[in-house]
Amino acid sequence: GLNFIDLMVRQGNIDNPPKTPLVPGFECSGIVEALGDSVKGFEIGDRVMAFVNYNAWAEVVCTPVEFVYKIPDDMNFSEAAAFPMNFVTAYMMLFEVANLREGMSVLVHSAGGGVGQAVAQLCSTIPNVTVFGTASSFKHEAIKNSVTHLFDRNADYVQEVKRISADGVDIVLDCLCGENTGKGLSLLKPLGTYILYGSSNMVTGETKSFFSFAKSWWQVEKVNPIKLYEENKVIAGFSLLNLLFKQNRGGLIKGVMDKLINLYNSKKIKPVVDSLWALEEVKEAMQRIHDRGNIGKLILDVEKAPTPLMANDSTETSEAGEEEEDHEGDNENKERMPFIQ
């Protein structure tokens with residue numbers, strides 16, 4: 001699986017990045033080839049998906065058994081590689097942190113991305129949940145049925161939300177670097193929860209420099225705890241990788257994965273795979289997610305041969321995906337970067 005965190009690793013925008021050379025990647029799917037002496041519950045030949053603390057983008061991967069899960073019979077390897085990061089992140093934020101219940105409302109940024117689509121699907125498993133989403137305009141047609149109300153990511157979403165729901169929303173999920181913290185908190189109802197879980201603007205260059213990045217986090221630091229107290233609002237953060245690899249909560253994640261696999265088997269959720277790429281095409285794949293051109297998850301497939309570049313192929317999109325829109329009628333281009341409609 002290819003995630004925004006992988007782009008942050010490449011750019012060095014993480015705490016204590018590992019020394020190079022390194023193999024990136026934090027999630028994968030495949031077939032068990034060998035077992036440690038004390039491993040139980042798995043056999044050679046099992047189809048599995050796993051979290052990995054780096055090194056996932058490889059032909060052979062080794063990871064502790066606590067991070068490995070059997071793939072449901074109806075799930076293919078591409079879906080399995082798209083499943084763990086997105087759905088565990090979405091589930092933990094909605095149900096473990098924000099306590100999503102019937103009749104609540106959720107605002108999610110980057111609604112067309114892997115986590116955004118997972119959030120929308122999980123919200124649909126609870127009755128009468130209203131989902132507000134922001135996304136690039138070219139994605140609206142493809143994802144309009146997954147959320148209740150969809151806004152352009154450059155629009156004044158605060159006014160749009162309040163026009164529909166004067167009281168605001170119960171949950172705000174923010175992956176945009178914290179620059180919208182004030183807006184998100186202003187939209188919260190009493191007892192609402194604002195969750196910061198990513199820094200995608202730092203990856204895409206919309207936060208232009210380290211200093212503006214620091215300023216955006218300074219805005220987060222300006223949140224007044226007394227005001228939170230007076231307004232009965234909650235602000236939280238969530239990092240799945242820290243929970244797994246630094247805080248040793250693999251057992252908790254195992255319980256969440258069991259619930260998610262049950263939801264998948266009940267046909268209530270399904271990973272959205274945007275496109276498959278050969279390992280040699282990682283540069284182009286990263287450019288696509290950098291440009292916010294994807295709907296759902298990008299997958300690196302070790303068995304896929306590189307696709308020859310077409311004359312009209314381009315990864316030079318200055319804004320998220322305008323170039324892709326122009327090529328919607330081009331079958332060859334869609335084969336290279338297919339959307340799951």
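This tour moves through a predicted model one selection at a time and states what is found at each stop.

**The nonpolar cores**

Begin by selecting Phe 51, Leu 122, Leu 173, Ile 253 and Leu 260. These are the residues with the most contacts inside the largest nonpolar core, which has 61 residues. Add helix α3, residues 84-97, to the selection; this helix gives the core its largest share, nine residues. A second core lies apart from that one and has 17 residues, including Cys 28, Val 52, Val 68 and Ile 289. As a general point, nonpolar side chains tend to be buried together in soluble globular proteins.

Now centre the view on Ile 253. Which residues is Ile 253 in contact with, leaving aside its neighbours within four places in sequence? They are Phe 51, Tyr 69, Val 88, Met 92, Leu 240, Leu 243 and Leu 244.

**Helix α4, an enclosed helix**

Select residues 114-123, which form helix α4. Why is α4 described as largely enclosed by the rest of the structure? The reason is that ten of its ten residues are buried. Among these buried residues are Gly 114, Gln 117, Leu 122 and Cys 123. To display what covers them, show α3, β4 (105-108), β5 (130-135), α5 (140-143), β7 (169-174) and α12 (250-265), which are included in the cover.

Within this helix, pick out Gln 117. Its relative accessibility is 9%, and because buried means under 20%, Gln 117 counts as buried. Beyond residues up to four places away in sequence, Gln 117 touches Ala 111, Gly 112, Ile 143, Ser 146 and Val 272.

**A cavity beside α4**

Two cavities of 30 Å³ or more are counted in the model. The second largest has a volume of about 40 Å³. To see its lining, select Ala 82, Asn 86, Phe 87, Gly 114, Gln 117, Ala 118, Pro 271, Val 272 and Gly 296. Two elements, α3 and α4, give two or more residues to this lining, and α4 supplies the largest share, three residues. By class, the lining of this cavity has five nonpolar, four polar and no charged residues.

**The second largest pocket**

Next, select Cys 28, Ser 29, Gly 30, Ile 31 and Val 61. The second largest pocket contains about 1,000 Å³ of space, and these five are the closest to its centre of the 36 residues that line it. Strand β1 (27-31) gives the most to the lining, with five residues. At least two residues each also come from β2 (47-51), α2 (77-81) and β11 (297-300). The lining of this pocket divides into 25 nonpolar, six polar and five charged residues.

Keep Val 61 selected; this residue lies in the loop between β2 and β3 (68-70). Is Val 61 buried, partly exposed or exposed? At 31% relative accessibility, Val 61 counts as partly exposed. Val 61 touches Cys 28, Val 52, Asn 55 and Ala 56, not counting residues up to four places away in sequence. A distance between C-alpha atoms may also be drawn here: Val 61 and Glu 33 are 9.5 Å apart in space, although 28 residues apart in sequence.

**Three salt bridges**

The structure holds eleven salt bridges. In general, side chains of opposite charge can pair when their charged atoms come close. Three of these pairs can be visited in turn.

- Select Lys 267 and Asp 74, whose closest N and O atoms are 3.8 Å apart. Lys 267 lies in the loop between α12 and β10 (273-277) and Asp 74 in the loop between β3 and α2, so the pair ties together parts that are 193 residues apart in sequence. Lys 267 is exposed, at 67% relative accessible area, and Asp 74 is exposed, at 58%.
- Select Lys 270 and Glu 79, which meet at 2.5 Å, N to O. This pair links the loop between α12 and β10 with helix α2, 191 residues apart. Lys 270 counts as partly exposed at 45% relative accessibility, whereas Glu 79 is buried at 8%.
- Select Arg 288 and Asp 274, which meet at 2.9 Å, N to O. Arg 288 lies in helix α13 and Asp 274 in strand β10, so the pair ties together parts 14 residues apart in sequence. Both Arg 288 and Asp 274 are buried.

**Last stop: helix α13**

Finally, select residues 282-290, which form helix α13. Its buried residues are Glu 284, Ala 285, Met 286, Arg 288 and Ile 289. Just after this helix, Arg 292 takes a positive phi of about 55 degrees.

Methods. Residues numbered from 1 in each chain as written. Predicted model: local features only at pLDDT ≥ 70, side-chain atom pairs only at ≥ 80, totals over all residues. Heavy atoms only, no water. Core = buried A, V, L, I, M, F, W, Y, C linked by side-chain atoms within 4.5 Å. Buried < 20%, exposed > 50% of the residue type's maximum accessible area, 1.4 Å probe, protein only. Helix = DSSP H or I, 4+ residues; strand = E, 2+ residues; numbered from the N terminus. Contact = heavy atoms within 4.5 Å. 1 Å grid on protein atoms, 1.4 Å probe; cavity = no way out; pocket = protein on both sides within 12 Å on 5 of 7 lines; lining within 4 Å. Points joined across faces, edges and corners; volume = space filled by probe spheres on them. Nonpolar A, V, L, I, M, F, W, Y, C, P; charged D, E, K, R; others polar. Salt bridge = Lys/Arg side-chain N within 4 Å of Asp/Glu carboxyl O.
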